[in-house]
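I sat down with this one today and kept notes as I went. Here is what I looked up, in the order I looked it up.

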Amino acid sequence: MPTIIREKWSEIKEIFYAASQLEPAERAPFLDESCKGDDALRREVESLLSSSRAAGNFMQDPAIGEVADSISDEIGKFHANKILHHYKILKLLGAGGMGEVYLAEDMRLERKVAIKILPARFAQDPERMRRFVQEAKAVSALNHPNILTIYETGEIEETNYIASEYVEGETVSERLLDEPMNLKAALDVAAQMASALQAAHGAGIIHRDVKPDNVMIRPDGVVKLLDFGIAKLTEVRSGSIGSEAATAIAAHTQTGMIIGTANYMSPEQARGKEVDARTDIFSFGLTLYEMLSGKRAFEGENAMDVIGAILQKEPIQLRHLAPIVPQEIERIVNKALRKDREERYQTAKDLLVDLRNARQDVEFQDKLERTAAPLQGHSDTQIDDSGTRNIPKTASNAESAAAGIKHRNLGFAALGVLLLAAIGFGYWFLFDHSSNSKQIDSIAVMPFVNEGDDANVEYLSDGMTETLISSLSQIPKLNVKSRASVFRYKGKETDAATIGKQLNVQAIVYGTVIQRGQELALHIELVDAETENALWSSDYKQPMANLVSLQSEIARDVSQKLKIKLSGADEKNVEKNYTENAEAYQFYLRGRYFWNKRNEDGIKKAIEEFQQAIEHDPNYALGYVGLADSYIFMVEFADAAASEMVPKARTAIDRALKLDDSLSEAHASSALIYRNQWHWAEAEQEFKRAVSINSNNPTEHIWFSVYFRNKRQFDDALSEIKRAQELDPLSPVVGANVAYAYVLKNDLISAVEQSKKIIELDPSSPLIYELLGIAYLKQKNYQQATVEFEKAVELSKRTDSRYLSSLGYCYGVTGRRADSLAILKELNEKYASNKANGQNLAAVYAGLGDKEQAFIWLERDFDRRSFGLPEITWRFAFDNLRADPRYTDLVGRMGLPQ
Amino acid sequence: MNRAEPETSNITEMLREWSDGKREALDSLLPLVYDELHRQAARYLRKERPGHTLQTTALIHEAYLKLIDRRDVNWESRMHFFAVAAQAMRQILVDYAKAKHRIKRGGDNIRLSLAETMSVVEGEKGVDLIALDEALNKLDRLDAQQARVVELKYFSGLSLEETAEALHVSRATVGRDWEAARAWLHRELSK
């Protein structure tokens, strides 16, 4: 723009406006007069006048008319049945400041998904979008039951979207529309939220927008925390950006404030300061406050009011709004809501611990009300010194128990007194439901709930559960669901009917354990899964020293109530606990507890515990079995050398068998050791023995199935793994193995059906993608297999060498040499730290066509007696090596058929 | 990012800071207003049938009611608010135009909305908001007040009287600015 115009702009403007008000004929003389021979000035004015004439209706109507259609488009951008990639939009679920959410069908995987379309303005900053996506995936990859699983993110028609698990249910804010939640429900939701936050914070991810809208409650009570980190997208950096201020909206941020509902902001967010984990804790506190009271902690007529309140005011004390809320819970809420974050709970973990304790107290108090109330008045006279049994209860009491949970504010101080009164006498009741007369032939034992004040004795509740499962498994004709099946319900409140359906059982055993000092109190309940009626319940109280006999007693009682006629031998099996020494038994339970953690720390601790168990009772056969299992797991989960661990395991198991040759577990472990040593005949014999003693242990069937697979007896492999699945229907790993067995049998249709089941069980499991990859390998569709393995590798965060190996193989076969070599490098590093075996590298070399290297790596595995080496007999990656004499030789040396 | 953070995100406070010449206050304020306006626009359109005349002023008014404490707000901050809202509104509408532009360029799958079919009046060419936005930036450097007038009048849909009130100038001044700006911008867009 010429400087002259800039300098004279106000003059130009004046002259232009004046001229424009004149009749055309009057303009020229006016301009002659006004411009006084300044040609540049005059030209500019005339140019503007002519532009003004041409402008017509230009800008006469407000700008919004130009984009009205776009705005309305953004409300319900997509209509039903619209196809986007492999998604079919079914309906709009909701819309808000953070975008729209649709229910859609993933046509590829035939499952329902929720698709969130992010507002267009988010897309303006790809870097921020990328970081958000990365974080969202990371938190999803935690695989936490209370965190919404994200399947995929991407772009549809230049709109960013997130495809996630579709959760049916209602949000906490919807739930609160009518009335506040009851105490127990609120605490249940709170504990699950805190657990999700703990996991996310552990991974360094802050939610930033915890509020009732973002908490979904499924009908089965499982809580999902939604929209992790999404708030980050709308954060705005505070500070100046210059004249184009509006670009601040899309600016990169590190610190900043959140736009959105002000009601759930933390003081530091309201101030625009940097947020951290404690910010989520504050917002969590606000949500819990609202669940308990039905009212928002901070309200105002407008955002400013609310923010002011958050910064300065204290909310109304909970006790005034919800008198039933115990003091302890009020204390928790208040501590979460401290304005100074230094004074808050510092971690979600601390918060969770307090919440769980509080919840246990509430539940316990509840139980006391249920059980103690009808007996009040004669408790003094009816205390039974032996503490075990039995005061008959009337049906009406039982019904009041079944009627569920009421909340009264008894106060925690009274708890101890009541507790003493209540556990002084046990009782049992039995009442006449028709279901009681039918024989029960399938049962699930829910993990006992540890209600004591010491969270460290969880081994006890877990262990007693396991022992009962194992005892009941001894009963012929009784289908008892495995530990793996039932432990997924741990810590969740799932109703009996749902469990009954999911596990396909007729009855469910619930138990609670309280250890106070040297005393142990138990409450056991047998519930009809169909009617949800309690069939029987009983309280037990014993000194810890009687733990062993107590377990036998429980097992006997439960089996009796199941109306199963037991032979004398069966009865003996049911009651046998393999040691009379309560301390040894406790060490054993602790050992199994740690063993089940299946990680290095856990297994090392397990070894110590089992050793202690044996020390206390040198004739404790199960103790030696535990020890043997731990040594084997040291190889599988703690990267220990097989050559060192196998002999130790063998010594332990031989000892166990010598002590008790009728122990199914011992034979199974013995079989496993033989299998891992490639002593096939001995392995088979031991597997058969184990299964003939007890056919109800899914683990044994899984091990047996792998045995058959290695021997390429795919029919037998399938039938064993299917048996394991019957016993453990909810395990994704077992499911994946079933699918795998179908692929090996070339029954791809059944394999796909199985895969779908796994998707239901665990939608984010890399196993599904591995399976799909394997199925494509079977069809020699390497391109597609590559895609699937890439996904598996990604979901496992590149930790699983098996997925990496398959992917590297595919890269090699499809000519992507550089990618293949990169994976080799990765695997080489893992191999150096025992995180990969030679077979993993050999497969990649096989893909590259480098047989020399492939065999070198396989021989390394052979030299190390790698447990997994027999897998080469069925892994497709080795198909091209099978004609080679070196392969025949190697397989022969492993004692396998060629 | 070592800049001092504002001690409060109190909107009225920010408005005052801004009117006291603290540029950063506007940067904090704009996004809040942007979001609220956006919400109001969406809400509005959900209620109104497509094709209905859109009252931008009404949107701003709604946003204003939502964001500002009426009890202790004075006339002056109300005007400041309108000025901020106008900038936010401009940004919102330009963002929409950009989004629309991208979609038109790329997609065949986009449903032609009812609003779109109804709002396309025969023979009349719409205003290219993206180009206008750029031209307005130029005008801003030449004559900031004219740019504000355009934001208030055109982007926020205020009347000349309201615009004058918001800018603290006379109706006549605004009229002059508006006509000059319109001519100037039209020329820019015709280039």
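Which residue is the bridge partner of A:I150 in β6(A)? I looked it up, and A:S164 is the answer. Note to self before going on: this is a predicted model.

**Around β6(A)**

I stayed with that strand for a while. β5 of chain A, residues 150–156, pairs with β6(A) in the antiparallel sense, and I find 6 bridges between them. β4 of chain A, residues 111–117, also runs antiparallel to β6(A), joined by 5 bridges. On that side I picked out A:I117, which stands opposite A:Y161 in β6(A). Then I checked burial along β6 of chain A, residues 159–165: 6 of its 7 residues are buried, so the strand is largely enclosed by the rest of the structure.

**The three-strand sheet**

Next I went to an open sheet in chain A, with 3 strands in the order β7-β8-β9 and antiparallel pairing. Its edge strands are β7 (170–171) and β9 (223–225) of chain A, each pairing on one side only. I looked at β8 of chain A, residues 215–217, and found it paired with β9(A) over 3 bridges in the antiparallel sense. One of the pairs I noted is A:I217 with its bridge partner A:V223 in β9(A). Helix α8 of chain A, residues 183–202, packs on this sheet and touches β8 and β9 of chain A. I have its direction at about 40 degrees to that of β9(A).

**A:L767**

Is A:L767 buried or exposed? I get 25 C-beta neighbours inside 10 Å, so A:L767 counts as buried; the cut-off for buried is 20 or more. This leucine sits in helix α33 of chain A, residues 766–778. Setting aside neighbours within four places in sequence, I find A:L767 in contact with A:P732, A:A736 and A:I758. I also took a C-alpha distance: A:L767 and A:V733 are 34 residues apart along the chain, with 7.7 Å between their C-alpha atoms.

**Chain B, and where it meets chain A**

Chain B has 9 helices and 0 strands, so my sketch of the pattern along its sequence is just α-α-α-α-α-α-α-α-α. Of its 191 residues, 48% count as buried. I also pulled the contacts in chain B between residues at least 6 apart in sequence, and 66% of them join residues at least 24 apart.

How do the two chains' helices cross? I took α2 of chain A (residues 9–20) and α9 of chain B (residues 171–190), which pack at an angle of about 95 degrees with axes 9 Å apart. That makes α2(A) and α9(B) roughly perpendicular to each other. From α2(A) the residues are A:K13, A:F16, A:Y17 and A:S20, and they meet B:R176, B:E179, B:A180 and B:A183 in α9(B). Sorted by class, I have 4 nonpolar, 1 polar and 3 charged residues in this contact.

**Confidence in chain A**

Last, the pLDDT. The mean for chain A is 78, and 81% of its residues reach 70 or more. Among the elements of chain A, β10 (residues 428–430) has the lowest mean at 23, and α37 (residues 838–848) has the highest at 95. I marked residues 371–437 of chain A, where pLDDT stays under 50 and the model has 84 contacts beyond four places in sequence. Residues 236–260 of chain A also stay under 50, with 78 such contacts.

Methods:
Residues numbered from 1 in each chain as written. Chains lettered and ligands numbered in written order. Predicted model: local features only at pLDDT ≥ 70, side-chain atom pairs only at ≥ 80, totals over all residues. Axes fitted to C-alpha atoms, helices over the stretch in contact; angles between N-to-C directions. Helix = DSSP H or I, 4+ residues; strand = E, 2+ residues; numbered from the N terminus. Parallel < 35°, antiparallel > 145°, perpendicular 65-115°, else oblique. Contact = placed C-beta atoms within 7 Å. Nonpolar A, V, L, I, M, F, W, Y, C, P; charged D, E, K, R; others polar. Buried ≥ 20, exposed ≤ 12 C-beta atoms within 10 Å, placed from the backbone. Pairing = 2+ DSSP bridges. pLDDT = per-residue confidence, 0-100.
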